[in-house]
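Trainee: I have a model open and would like to go through its salt bridges and then one of its helices. Can we take it step by step?

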Amino acid sequence: MVGLPLTAVLLLKASPLEMGILSGASAAAILLFGLFAGAWADRLRRRPILIWADLGRAAVLATIPLAVLVNRVTMSHLYVVAAPSAILTVFFDVSYQAYLPSLVSAENILEGNSKLALSESIAGVVGPALTGVLVQAITAPLAILFDAVSFVCSAVSVGLIRKPETRPQPGAAPHIGREIMEGLRVSWHTPVLRALLLRSATSSVFLGFGSSLYFLFAIRELKLNAMLLSLVISVGGVSSVFGALAATRLAHQWGSGQSLIGAALITGIAGLLPPLARGPVPVCAALLAVAQLGDMAWSIYSINELTIRQSIAPAHVLGRVNSAMHLMFRGVLPVGALLGGALAELIGLRPAMFVGAIGFLLSTLWLIFSPVRTLR
C-alpha cells in the first residue's frame, strides 16, 4: 500500500497521470477477474485458496527488489506487479470473508470480524511506520522485500488452521458464467445488498482521486518526506484499532445500520481535510494526521458492512456476493484513479482532491435513503 507508490514517486519521479495508471492497473485487473474469484471461492475449499494467494503475492512482489539489484526497475514493471498482486488479493479477501462463517457460529460473526479488523489495524500502525524507516534506510524497492516475506508468514499462519473444511457442493450442471450471474442477481435484487453495492461503486470512483494523488500531493506540494508521511499514515492505523474495538459495542447500542451510516459520514468529512492543508510542513503533517483519524470510522464501517453482507447473503453464494462487492469497490477504482490523474493535470492537485472528497462524502446518500438505516 505504501511501498509501490513511494517507489514510483521517489525513485521513478512519476507524473500525476502515471500515479493514476499505477493505481488503476491493480483495479483494472480486479475489474477483469474479480467475479471469477467469487465463483471459485464458492466451488472450492477456501483455506488452500488463501495459502496459494499469499505465496503468489510473495513471488510477484519479490521481483521488484530483484529488478533494483540489476538496475531494471521501471514504471511498466510496477504496473505489471500491481495487477497480479491485486488479483491475488481479491482471491484472498473474497475467500477469507466466505471462510469466516464456517469457523465461528452465526452469533459470533460480528465479533469475529471485529477481531480480524483489529489485527489488520495493528498492521496498519506498524506497517507504514516500518516502511518509512526502511525507505529512508534502504530505499523503497528494497523495503518491498520485507512485504514479500510477510506474505510467506501469512501463508504459514493460515496453514496452521486445523478445523476441517467441507468442500462446497457443486450444482447439477456447474457453469461459471451462470454461477457469476446468480451472485450478481442476489446482490442486486436484495435491497440492502443493492444499497451497499451502489454506495461502494460511487464512493470508489471518488476515492480513486485520492488514491492516485495523495502521495504525490503530500510529497511534492506539502513537502513531507517519506518517513514523516509514513508516520502520518500510521496515525490512521492507530485510530482504526480503536474503531475495531468499538465496532461491536456501537452496533449493539445503535444498530448496524445507524453505525454504518454514521461511520460513512465521518470518513467523508475526514476526506475533506487533506486538500485544505497548506503552510509549514509540521502544520500540514498535523492536518493530514487529523484526517487519518477518520480511519477509526472506516474500521467501524467495514466491520458492520461485512457482517451485514455475511448475515444476509445465502451461504452458497456468499463468495460471489463478496466478489461483486469487491468489483464495485476495487474494480471501479481505475475510473476514479484515471479521472483524478487527468483532472489534476488540468486544474491542479489540490482542486482535484477536493472534487474527490466531496463526491466520496455524497456517496453516503445511497445508504441514508435505503433499508440499511433501519437494520439492527
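Trainee: Are Asp-42 and Arg-46 buried or exposed?

Mentor: Bearing in mind that this is a predicted model, Asp-42 is buried, and Arg-46 is buried as well. Their side chains meet in a salt bridge, with an N to O distance of 3.1 Å.

Trainee: Which other salt bridges lie within a helix, say in α13?

Mentor: In helix α13, which covers residues 294–312, Arg-309 and Glu-305 sit four residues apart, about one turn of the helix, and their side chains form a salt bridge at 2.5 Å, N to O. Arg-309 counts as buried because its relative accessibility is 4%, and Glu-305 counts as buried because its value is 9%, the cut-off for buried being under 20%.

Trainee: And what joins Asp-42, Arg-46 and Arg-320?

Mentor: Salt bridges with shared partners link Asp-42, Arg-46 and Arg-320 into one network, and the count of salt bridges comes to six.

Trainee: Switching to α8, how many residues does it have, and how far does it reach?

Mentor: Helix α8 runs over residues 176–189, has 14 residues and reaches 20 Å from its first C-alpha to its last, close to the 20 Å expected.

Trainee: Which residues of α8 are buried?

Mentor: The buried ones are Glu-179, Ile-180, Gly-183, Val-186 and Ser-187. Down the axis of α8 they fall within an arc of 125°, so they line one face of the helix, whereas Arg-178 and His-189, on the other side, are exposed.

Trainee: What covers the buried residues of α8?

Mentor: The cover includes α2 (16–43), α9 (191–221) and α14 (318–331).

Methods:
Residues are numbered from 1 along each chain as its sequence is written. This is a predicted model: local features need pLDDT of at least 70, side-chain atom pairs count only at pLDDT 80 or more; totals for chains, interfaces and linings use all residues. Side-chain values use heavy atoms; hydrogens and water are left out. Helices (H or I, at least four residues) and strands (E, at least two) are DSSP runs, numbered from the N terminus. The expected span of a helix is 1.5 Å times one less than its number of residues. Buried means under 20% relative accessible area, exposed over 50%, partly exposed in between (1.4 Å probe, protein chains only). The arc is that of the directions from the helix axis to the C-beta atoms. Contact means heavy atoms within 4.5 Å. A salt bridge is a side-chain nitrogen of Lys or Arg within 4 Å of a carboxyl oxygen of Asp or Glu.
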